[in-house]
Amino acid sequence: MILGIDIGGTRIKAGLVGEDGSLLKSAAVPTPPALPAFARALCSLVRDCLDGVSVKAVGIGCKGIVNPSNTTVDVLPGTLHYLEGRSLAELIQPALGGEIPVFADNDARVALAGEVAWGAARGRANVVMVTLGTGVGGAVLSEGRILRGAAGVAGHIGHVIVDPRGPLCICGSRGCLETYFSARAIEFAAREGVDRGCESALTEKFATRSGELSCSDVFRAASQGDGMARMIVDEATFALAAALSGVLHVVDPEIVIVGGQISEAGDALLLPLAEEIHRRTRCLLNRLVPLVPPQVLDRSGIVGAAAITYHPQK
């Protein structure tokens, strides 16, 4: 049995995972705003989950750039910046009560590790995974190994540039994929249209409260034939297809796993996305690369975190 832990900006989640990838027990606590409270909350959560149960190892998934050789968080901007320079293994050691190996990595690579162990990437050697949500995350399996790169940055598909003179990105560059395709980007475009009074069902519904408009509202309106919403979704999907086509030419994967909240739009997103990617890559790749959903259905990140203990990335 493995203890999996997911450290997020709003919640810390932990659970016991069986060797078949089943989530046997889980719990969560709000993520505290400062390091001392965080350490106490994390250890308390671990003790509650273990409750006398022995585990073989602990796996931790965390946003940012994590050094798997020593579980140190190298870079983590935002509300969890206080974890920078901290060893996650050292933070949970007081709750383990013994010499239990602890592994950690970036949350996107952790998600792919779960798919390698128990999901859509099982038995495959070359896979790209992209997670579509507030931002765009990604990870790459190449020749059976999850890539990290020289500084642990490999797989940041959201920062593939689709327009060199495009909008400023939080990474400091311009025209990154995230500035065109992400929940933030899609919501921004839709809210701008509503605030300008563009003809749309979204304008009628959110005219006085555009700040409440969500990415799912835009996809829903697009699927119902709304012109403005359809234009926004088409432009965003076009950018995503361009970025992924470039990645496919570099990695040459067997499949692309498409996860994250936005992927729940289903065929409304995946069918036009697959068509545009195939149009751009068919000459060199000479085949249709399938876009598939994740098979690890645990959205908490706990199961993926447990998976890295089986295939640690040194």
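At 32% relative accessibility, R280 counts as partly exposed, a class that lies between buried (under 20% relative accessible area) and exposed (over 50%), computed with a 1.4 Å probe on protein chains only. R280 is a partner in one of the 15 salt bridges that the structure holds, a salt bridge being a side-chain nitrogen of Lys or Arg within 4 Å of a carboxyl oxygen of Asp or Glu. This is a predicted model, in which local features need pLDDT of at least 70 and side-chain atom pairs count only at pLDDT 80 or more, while totals for chains, interfaces and linings use all residues. Residues are numbered from 1 along each chain as its sequence is written, and side-chain values use heavy atoms, with hydrogens and water left out.

**Salt bridge in helix α8**

- R280 pairs with E276, with 2.8 Å between the closest N and O atoms.
- Both residues belong to helix α8 (residues 267–285) and are four residues apart, about one turn of the helix; helices are DSSP runs (H or I, at least four residues), numbered from the N terminus.
- E276 is buried, its relative accessible area being 14%.

**Salt bridge in helix α4**

- R191 and E187 form a salt bridge in which the closest N and O atoms are 3.7 Å apart.
- About one helical turn separates R191 and E187, because they are four residues apart in helix α4 (residues 183–195).
- R191 is partly exposed at 25% relative accessibility, whereas E187 is buried at 16%.

**Helix α7: salt bridge, span and ends**

- A salt bridge joins the side chains of R230 and D234, at 3.0 Å from N to O.
- The two residues lie four residues apart in helix α7 (residues 227–251), about one turn of the helix.
- R230 is partly exposed at 27% relative accessibility, and D234 is also partly exposed, with a relative accessible area of 40%.
- The 25 residues of α7 should span 36 Å at 1.5 Å a residue, which agrees with the 36 Å between its end C-alpha atoms; the expected span is 1.5 Å times one less than the number of residues.
- At the N-terminal end of α7, D226 acts as a cap, with a side-chain oxygen 3.3 Å from the backbone nitrogen of M228.
- D252, just after α7, takes a positive phi of about 55 degrees.

**Salt-bridge network**

- A network of salt bridges links D105, R109 and R148.

Conventions. Polar contact = N/O pair within 3.5 Å; in protein donor to acceptor, adjacent residues only side chain to side chain.
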